[in-house]
Amino acid sequence: MRSITSRASFEGEFELPGDKSITHRAIMLNGGAQGEATITNALMGEDCLSTCRCMRSLGAKIDVDGTTLRVSGTPHFRRGRELNCGNSGTTIRLLTGFAAGKGIDATLYGDESLSARPMSRVAEPLALLGADIKTTEGHGPVYVSPRELCGARVELKIASAQVKSAVLLAGISASGETIVSEPVKSRDHTERMLAAMGADIQVSGNAVQVKRSALKAVDVCVPADISSAAYFMALGALKGKTLCKNVGINPTRTGILTAFDRLGVKYSLLNKRISGGEETADILVEKSHMQAITLTAEDVPAMIDELPLVALCCAFAEGESRITGARELRVKESDRIKTTAELIRNIGGDCEELPDGFVIRGKKKLVGGNVDSYLDHRIAMTAAVGLIATEKGGEIYRPECCAISFPDFFEKLGL
Ligand code: S3P
C-alpha cells in the first residue's frame, strides 16, 4: 500500500525510462539476427526482463550493464523450451510469431493476468501462414510446433501492434510474401526495426508487406517511453509545469498529444531530433484549463495505453467527455474500462462505463480516496497522478506492479 498526498503544485524536469515496445523488439529481433548489437537506454522493467529471459532460454546471449544490453543472436535455437512470459502480452504474442517463423517448438505461458488474455488473435492469423499453434481454449499456455511457413494475406479485424508484429516476425521467415493490414494503423516499431536490419519490407498506408529476409543485428538507442512520460505530462497539465526529456514521438504513439490538443492542454515539443530511426523531443507541459473531449475508435490505437490517464484528465475537465471504440481496454492487464471507471469514482469523480469506453462528467475538484491497482501497472500510475491532483490524496493498494514498465516511478514522483 502507498499513501499519496495531494500537492498544491507539481513541477520539474524528468528523464523517463526507455520505451517498452522498442526495448522488447530490440532484444527479440537482435536475438534472432546475425551479429552483435548494443541497445542503450533499454527499459529494465519486468516485462522486458521477461523477453530477455525467454530469448536467453532459446539460446541468445544477452549481457546487461545497467540499461545497456549487448545481444548476440544464435543460429541454433534451443527447442522444446517452456518460456515464461510473466505479465507481458508483447512477449507472448511477438514470441509466438517469432518461434513459428524460426520453426522452434516451444510452450509459452505467463502469470494469472496473462493467462486470461486472448491468444486466438495471434494463433488464427499465424495459421493462415501454415503455423501450427495451439492455445488453451483461446488463452495461454500457447504451444508452437515447427512447420514450413508460406506467406499469406492477413486482414486483422482489430488494430493491434502485437498481432501485426507476430505476423511480420513469422512472415520474414516464410516463403513468398506476407501482407498484413489493420483497420487503423497501430504502432510501427517492428516495421522500422525490420527495415533497419535489412528486411525486405514495404509499408503502404495500413498494410505492411514482407518477404523472407536474413536480419543483421542493429544497435538501438531507445528513446524515453511516451507512455511513461504521459503521467508526468498529465501532472504538468493538472498541477504546474513539467519537462520530459528525450521522449519518443513516433506518430503512431502520440495520441496523448491529440487528446491534449482537444482538452486544451498547453504543451510544446522542444529540441526535436531523430535518434535510432525514431523521432524524439523534449515535451514541456503547463497547467491548463481543460475542457471535455470526444474520442472515437480512430483515435484509440495511438493512445491505447494512455486511455486510463486520458479518462482521468477528463474527470478534471469542464463538461461531459465521451470515449468510445476502446473495447480493447477490456482485455489488457486488467479490464481497464472497469478499473479506470472505479479509480475515477473512488477519488470522487463521475465516470460511467460503456461497453467500449466511458462517459466522464468533469468536476473542478475531486476529494480523493483509496484505489486498488488490480495489479495493473497503468492503473497504479494513473491512480498516483489522480491522487496528487485531488484535495486530500489517498492510498493505492498493490502499487508495486508499476515495476512492469516503470520500476522507479514513485521515486521519480519524489515519494
Ligand atoms: C504493444 C501493443 C499494444 C499495447 C501494449 C504494447 C506493443 O497492445 O497496448 O502495451 O508493444 O506492440 P495491442 O497490440 O494488444 O494493442
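Which residues surround the ligand? In this predicted model, the ring of neighbours is made up of K20, S21, R25, T90, R93, S160, A161, Q162, R187, I304, D305 and K332. Have a look at what kinds of residue these are: six of the shell residues are charged, four are polar and two are nonpolar.

Now zoom in on a few of the contacts. Start with S160, where an N or O atom of the side chain sits 2.6 Å from an oxygen atom of the ligand. K332 also reaches in with its side chain, placing an N or O atom 2.7 Å from a ligand oxygen. With Q162 it's the backbone that does the job: one of its N or O atoms is 2.9 Å from an oxygen atom of the ligand. And how much of the ligand does the protein bury? On its own the ligand would expose 390 Å², and the protein covers 95% of that.

Step back a little, and you'll see that the ligand fills the space of the largest pocket. Three elements each give two or more residues to the shell around it: α1 (20–31), α3 (89–102) and α6 (161–171). Of the elements, α1 is the top contributor, with three residues.

Finally, zoom out to the domains. Domain 1 takes in 2–17 + 223–412, while domain 2 spans 20–221. Which of them supplies the shell around the ligand? Both do, as each of the two gives at least three residues. So as you turn the model, try finding S160 and K332, whose side chains contact ligand oxygens, and then trace α1, the element that gives the most to the shell.

Methods:
Residues are numbered from 1 along each chain as its sequence is written. This is a predicted model: local features need pLDDT of at least 70, side-chain atom pairs count only at pLDDT 80 or more; totals for chains, interfaces and linings use all residues. Side-chain values use heavy atoms; hydrogens and water are left out. A residue is near a molecule or strand if one of its heavy atoms lies within 4 Å of it. A polar contact is a pair of N or O atoms within 3.5 Å; within protein, one must be able to donate a hydrogen and the other to accept it, and residues adjacent in sequence count only if both atoms are side-chain atoms. Accessible areas come from the Shrake-Rupley method with a 1.4 Å probe; for residues, only the protein chains shown count as cover. On a 1 Å grid over the protein atoms alone, a cavity is a set of points where a 1.4 Å probe fits but cannot get out, and a pocket is an open set with protein on both sides within 12 Å along at least five of seven lines; lining residues have an atom within 4 Å of a point. A molecule sits in a cavity or pocket if more than half of its atoms lie within 2 Å of its grid points. Helices (H or I, at least four residues) and strands (E, at least two) are DSSP runs, numbered from the N terminus. Ala, Val, Leu, Ile, Met, Phe, Trp, Tyr, Cys and Pro count as nonpolar, Asp, Glu, Lys and Arg as charged, and the others, Gly among them, as polar. Domain bounds come from an automatic or database domain assignment.
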